There are 2 protein chains.
Amino acid sequence: MDAIFEATIQVLLAEGASRLTTTRVSERAGVSVGTMYQYFPNKRALLFAVLSRHTDEVLDKIEGACRASAGLAAADMVQNLLATYIEVKTSDPETSIALYRVATELDVPELMGKVGARITEAIEAMLAGAADMEFEDVPLVTNMVRAAMTGVTRTVFEQNASHALIRKLHMELLVMCQSYVQAVGVARKGRPARAA
Amino acid sequence: MDAIFEATIQVLLAEGASRLTTTRVSERAGVSVGTMYQYFPNKRALLFAVLSRHTDEVLDKIEGACRASAGLAAADMVQNLLATYIEVKTSDPETSIALYRVATELDVPELMGKVGARITEAIEAMLAGAADMEFEDVPLVTNMVRAAMTGVTRTVFEQNASHALIRKLHMELLVMCQSYVQAVGVARKGRPARAA
DNA sequence: ACCTGAACACCGTTCAAGT
DNA sequence: ACCTGAACACCGTTCAAGT
């Protein structure tokens with residue numbers, strides 16, 4: 001079971017997505033194809049499970065960062081969110097890129113939808129409690145920040161950019177999201193913003 | 001040849017990406033599989049050609065919008081660029097989504113690279129000639145605007161959002177990009193900005 | 001010269017036969 | 001009860017045989 005997960009990632013990294021076959025995975029995992037089909041009804045389900053394991057890790061960290069940022073100023077929230085996201089996507093980039101490629105080859109709206117919903121929920125809850133400003137349409141602002149964040153990251157991966165360029169784009173993404181948040185947010189009356 | 005292109009899109013829309021096979025395309029096009037392999041060395045090359053035809057249309061319109069915006073204020077440039085991009089992606093969304101799905105299933109860094117380079121070139125040339133401000137690192141600003149633009153659009157497609165939501169996100173994307181450009185741009189001395 | 005489509009290698013999936 | 005792997009349907013690609 002865990003051996004099958006490991007085998008999947010190993011085959012993926014060693015042979016590439018186009019050579020990721022049920023036969024090769026079962027061989028590497030040391031079981032027969034038939035046995036694999038007792039655990040997973042089809043190849044799609046197998047890849048889905050492998051991807052879920054990875055996205056769950058990413059989600060846990062993002063949700064953690066959002067919770068930890070509760071009550072901060074909006075600009076600091078954005079900073080923490082982006083730093084966590086970039087960090088999580090940049091560590092072990094090989095696996096990250098390989099899985100990302102599988103995710104696009106596989107057409108998995110269920111998974112993308114679930115992941116998107118959880119990220120959205122976490123960011124929404126965070127932004128709604130910003131110390132220094134409030135937003136007319138929190139879901140909309142959330143959607144935009146998320147889209148910019150994932151869009152820039154995807155662009156980085158597609159260009160397989162250097163480490164230096166990644167850092168530059170990260171800094172710039174921060175500027176973009178912060179200036180956007182500032183543009184659409186309304187200063188909150190009462191208590192002033194707490195410093196980061 | 002053109003019949004093969006048409007057949008490919010027809011099969012794609014009628015049967016879906018997973019049922020897009022060489023046999024089905026050749027059947028629909030009224031030629032044998034063997035004949036198809038005289039025009040295209042493999043299935044990948046066929047899909048690449050079909051995608052290129054579509055991306056070339058998109059690129060032409062974007063390049064046109066960028067050229068037409070020469071000498072405007074930066075904010076107006078961004079507005080024209082985004083309006084064109086959204087319009088082009090939103091008209092005939094069925095085909096657009098279907099081809100987009102093929103593009104991700106197929107792994108075509110060559111094509112993505114070529115498209116990205118041409119869009120980048122057009123936006124760079126435009127932004128470098130903004131009437132009211134200049135940018136320290138034009139390629140960086142270009143990259144960011146492009147990433148935000150494509151990222152938001154992709155998110156919209158993945159959620160298969162309603163027409164109303166698309167318009168809302170479009171407006172918001174404009175706010176995001178304009179506030180970003182304003183944040184990183186330096187006011188140009190001399191002649192004042194011309195109104196749109 | 002150009003087209004055809006049976007044949008081949010390989011894929012995902014199944015299920016009768018083994019233990 | 002659980003595992004095995006030959007068998008099946010279907011894919012992309014080729015090439016001897018037809019015109």
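Trainee: Which helices each supply at least two residues of the surface near DNA strand D?
Mentor: This is a predicted model, where local features need pLDDT of at least 70 and side-chain atom pairs pLDDT 80 or more, while totals for chains, interfaces and linings use all residues. Residues are numbered from 1 along each chain as written, with chains lettered from A and ligands numbered from 1 in written order. "Near" puts a backbone-placed C-beta within 6 Å, and helices are DSSP runs (H or I, at least four residues) numbered from the N terminus. Both chains chip in: helix 3 (33-39) of chain A, plus helix 2 (22-29) and helix 3 (33-39) of chain B.

Trainee: And which helix gives the most to that surface near DNA strand D?
Mentor: There are 15 residues around DNA strand D, with A:Ser32, A:Gly34, B:Thr21, B:Asn42 and B:Lys43 coming nearest. The top contributor, with 4 residues, is helix 3 of chain A.

Trainee: On the side of chain B that touches chain A, where does the largest share come from?
Mentor: Contact (C-beta atoms, placed from the backbone, within 7 Å) links 25 residues of chain B with 25 of chain A. Helices 6 (93-105), 8 (138-158) and 9 (163-184) of chain B each give two or more residues to chain B's side. The largest share, 11 residues, belongs to helix 8 of chain B.

Trainee: At roughly what angle do the axes of helix 4 and helix 5 of chain B cross?
Mentor: Helix 4 (residues 43-68) and helix 5 (residues 74-90) of chain B have axes that come within 9 Å. They're roughly antiparallel (over 145 degrees) because of the crossing angle, which is roughly 160 degrees.

Notes. Axes are lines fitted to C-alpha atoms, for helices over the stretch in contact, and angles run from 0 to 180 degrees between N-to-C directions. Angles under 35 degrees count as roughly parallel, over 145 as roughly antiparallel, 65 to 115 as roughly perpendicular and the rest as oblique. Two residues are in contact if their C-beta atoms, placed from the backbone, lie within 7 Å.
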